[in-house]
Amino acid sequence: MLYDLQTNSIVAKARAILGRCLTAEDYKQLINRKSVVEVASYLKGTERFRKALANVNEQSMHRGQIENLINRDVFENYERLVKYEPIDSKSFYKFILRRQEIAQIMNAIMYINAGQPDHFLASFPAFLMQHASFSLIELAKARDFEQLLAVLAGTPYAKIIEKYAPKQNSAGERAKINFTDCEVALYATYYQSLLQDAKDQLSKSAAQEMETTILRAVDFRNLITIFRMRVTFGKSPELIRKRIIPLSYKITKSQLEGLLKQNTADEMTTEMVKLAYFRTAPKLDWGSIERSMKEQAHSYYITLVRMSVNAPVVMYSLMQLLEQERQNVTIIIEGIRYGLAPAEIEKMLIL
Amino acid sequence: MAIEKMSLVSVAGLVNTLDDVINKCCEIGCFQVETSIDAVQDTQGHARVLVESNHYSVHTKRAYNIARNLGVDLYAVDYSALELNDISEYEEYTQKIETEIGDLADNKKKLSDKISELSEIKLQIEHLVGMKTDFSQLFKCETIKFRFGRIPTDSFPKLEYYSDQPFIFKAFNQDENYVWGVCFLPKNKSDVIDQILESLYFERTIIPGYLQGNPQEALETLTNLIDIEQKALDDIDGRLEDISVEEEQKLRMLYSKLKALDSSFDMRRYASVIGNTFYIMGFVPKRLFETFAKGISSINGATAAEKEFDEMETEPPIKLRNNRIFRPFEMFVNMYGLPKYSGIDPTPYLAITYILLFGMMFGDVGQGLLISLFGLLLTKYKKAALGPIMTRIGLSSAFFGIFYGSVFGFESIIKPIFHHESVYKLLGYSEAPENIFQVAIYVLLIALGVGVALILISMLLNIKIAFKQKRLGDAVLGVNGIAGFLLYGSVIVGAALTMGLGIKVFNPVYVILLILLPALAIFLKHPLEAKVFKLHHDEKFTIGSIIGMGFLEMFESAISYLSNTVSFLRVGGFVLSHAGMMLVVAQLSGMNKEGATFGIGALFAYIIGNAIVIGIEGFLVSIQGLRLEFYEIFSRFYDGSGRPFEPLSIEFN
């Protein structure tokens, strides 16, 4: 009974949050703003971000601040939902925290590789400091892979990436950290542990639905990786195999191999249309495949939030949608800063 | 109680009297210009339209701006006493006032800006009151600089990262989004540290040099400065107020006059001009034509003459005309859409059925009279459009309350109708039913009966309208035509007689003549219309299309008959729900117990309970009633595609 009440509370609250999300009309208004200040001002007037931006002066606001506040709002929504579940007993519910931690580790690696480790400090969301399993301030001080590993010592992340330590060349100089290897390894473990946690900690129907949801996301992620690496960068099938997450839902091994053999965009498109995900999709072209996948995932999450009766699935899907909303707002802000036409910005949004 | 009959009127006169004619039209208020009709169609295209620059617009806007700056509330007034008569005099007057208030307005803006600036600084300093040091002492430091301001809460913990840098951030105050404080930094490192602060989105507050003492004292200084500026601002406001009092009446008259001239000048575009004569076509309610024509002919050389027109080709605008009882319900008809000119005004029908349905669903003498009283008060003091409707439906509620024997939920004051021996014996009970729930089945059947009657009446109205509009196919073969009426009526009557009274009427003749034949007529409506009434000339009928269309038509009509009829069960449902809610009130008050006395607690429970029931159920029932009107009744005969009658008038908004 109590479980049901908790579940109902999460589902009802999640649907209420979804109802407040930015609408197509909001996005239309936002892409037609002329400056970041106008974007902030508009967001402040929406039901969705009224509270998050209530006390800030949008006139003096920097884009990084807006992004941080929206990021914080996503996390606060998660915290509001998760308080109905005994999170300590179910590590599954820490999925968003784990994903945020991985994102920050990857950010830190990116800045170290770029020779600008100081820039990481401004980029990470401070609200994460009190939740993360390692010190973000210390992570910001890391200047190389050893220091990074030292900061992550004692966390599962250190074990995952320690084998990717950059090697020294003959002159004794260290190569850059292999960003992609670390990213694939971290996210592969993330998805695998998420599936395991769902299986161990959730009800049978919730675990099954969660598995489908996670594996669909992995399928799309892998397809995007294959598409980009094979067609855009012309990488070899051997290398691509190492860069995809070793999980799948609707993509068989032979289909995967079939995709890896394709060389051109047209060939890849023809092969992808044979996949279950695109059989009913309108005509695909070179530019629309990635977008089509993201839109499919987006509408799938919306359906889950609206229809699923499993609170963990609803919560997980909502967090994906809020994350997409955050990305959309970031795209709009960047687009306006770089003077893109509204139509160009609109093409990049996933609604 | 109908749609106003309209006359198509041609107004003609000399061009130099055009403004006067237009003003007269606005004054009489019953002339709607018809731009779609060529006023001079017989003149072989020699007519021209007046295209002129409206020189009144500028002056109207200037008068408006003056009034706004002086805070004068503008509305239409009689301007006959205004002593300004032409453009040059308007110009002279507005120029004089503009000069007089221009300097004051400039100073007012400067003072307002200054107050805003000081208030902003004050807001920042308020967050620094934790600091006890004198600002002037800080400004004297030679090797250390200070940065007052705020840093986002998100950035504040990140300052730890720069613990090796030679600066200190002292926080004084914090809210959800910002931490206010002061940063101490060495002068020779200020560039680097300013960059660090900027990267953490630190927002600096510039402390004006005239601020002395610690933040608390600085706040007092700022408060005094704001007070001084505010006083100066108040003085200006006082002077503006004096001018406003002195000029407001004249300004209102000037604005009213200019607005009238401005609007009527704009209306000159409606006129077609040939030589020195203008023509304007429009509609006037027939019963007001004489008055209108007389008013127009009072202007030198101007005339108004009635023209013939084809109602089907030239759809005149709609003006509803109902008696005082039904008039408030025109609001609902307007909400749905006005009738066509060749249709009928559904207001009386809507008013009667809405009053009836509301009363049935919300029958209570006390609550009904209360709603009625509330409606009267709303009408008198708020001029609310819903007020008169509430008055009427409240009385209906009270009327039905007598039958239900309910007065504020008390069922012992008036004897319910089902407690009368003749009634309960007729219903088959040997003794009086204890409450309405025991006769629930009869309540629901009566509700269904009312629904069936309303649907049949709506079909009759549709038949009448269709014949009037010469839509013979719809009138005879339509789902809501004669065929539909026979089909629906005979099925319902047959079922009622068979199941209710045991009279078996579904014999072959009844079924073939009254059910199958009308059903076949509906099924074959389109080809029959083409054959018999010579409609759908362009449509090619095949066996497949006839069966397809016929099947869809039949399926849709069967669903609509069923759903529309069943929908009326809600009327009975609300009767029972009202009784149920009042039972809850009685239980909460303890008055349903044997020998209970009516004390303060019970009185309190009854007052709150009645208020909730009136608020929630009254609201629901009024919406459900409207829903029944719009969906179940209007959908059978009414399309609401008429256009409203909008006579020429001067808009003052």
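Helices (H or I, at least four residues) and strands (E, at least two) are DSSP runs, numbered from the N terminus. This is a predicted model, in which local features need pLDDT of at least 70 and side-chain atom pairs count only at pLDDT 80 or more, while totals for chains, interfaces and linings use all residues. Residues are numbered from 1 along each chain as its sequence is written, chains are lettered from A in the order in which they are written, and side-chain values use heavy atoms, with hydrogens and water left out.

Select K470(B) to begin, in the loop between α13 and α14 (472-477) of chain B. This residue has a positive phi of about 60° although it is not a glycine, whereas most residues other than glycine have a negative phi. K470(B) is exposed (over 50% relative accessible area, 1.4 Å probe, protein chains only; buried is under 20%, partly exposed in between), with a value of 69%.

Go next to F408(B), in the loop between α11 and α12 of chain B, where phi is again positive, near 50°; at 29% relative accessibility this residue counts as partly exposed.

Now display the second largest pocket, with a volume of about 470 Å³. A pocket here is an open set of points on a 1 Å grid over the protein atoms alone, where a 1.4 Å probe fits, with protein on both sides within 12 Å along at least five of seven lines, and lining residues have an atom within 4 Å of a point; the volume is the space filled by probe spheres set on the points, which are joined across faces, edges and corners. Of its 19 lining residues, I417(B), L427(B), Y442(B), V443(B) and I446(B) lie nearest the centre, and α13(B) gives the most to the lining, with five residues.

Colour strand β2 (residues 6-14) of chain B, in which eight of nine residues are buried. Strands count as paired if DSSP finds at least two bridges between them; β2(B) runs antiparallel to β10 (residues 277-285) over nine bridges, with V9(B) opposite G282(B), and antiparallel to β11 (residues 303-307) over five, with L8(B) opposite K307(B).

Finish in chain A with Y316(A), one of the residues that touch the most other members of the largest nonpolar core, which has 113 residues. Such a core is a set of buried Ala, Val, Leu, Ile, Met, Phe, Trp, Tyr and Cys residues joined through side-chain atoms within 4.5 Å. Beyond its neighbours within four places in sequence, Y316(A) has contacts (heavy atoms within 4.5 Å) that include F95(A), Y191(A) and M210(A).
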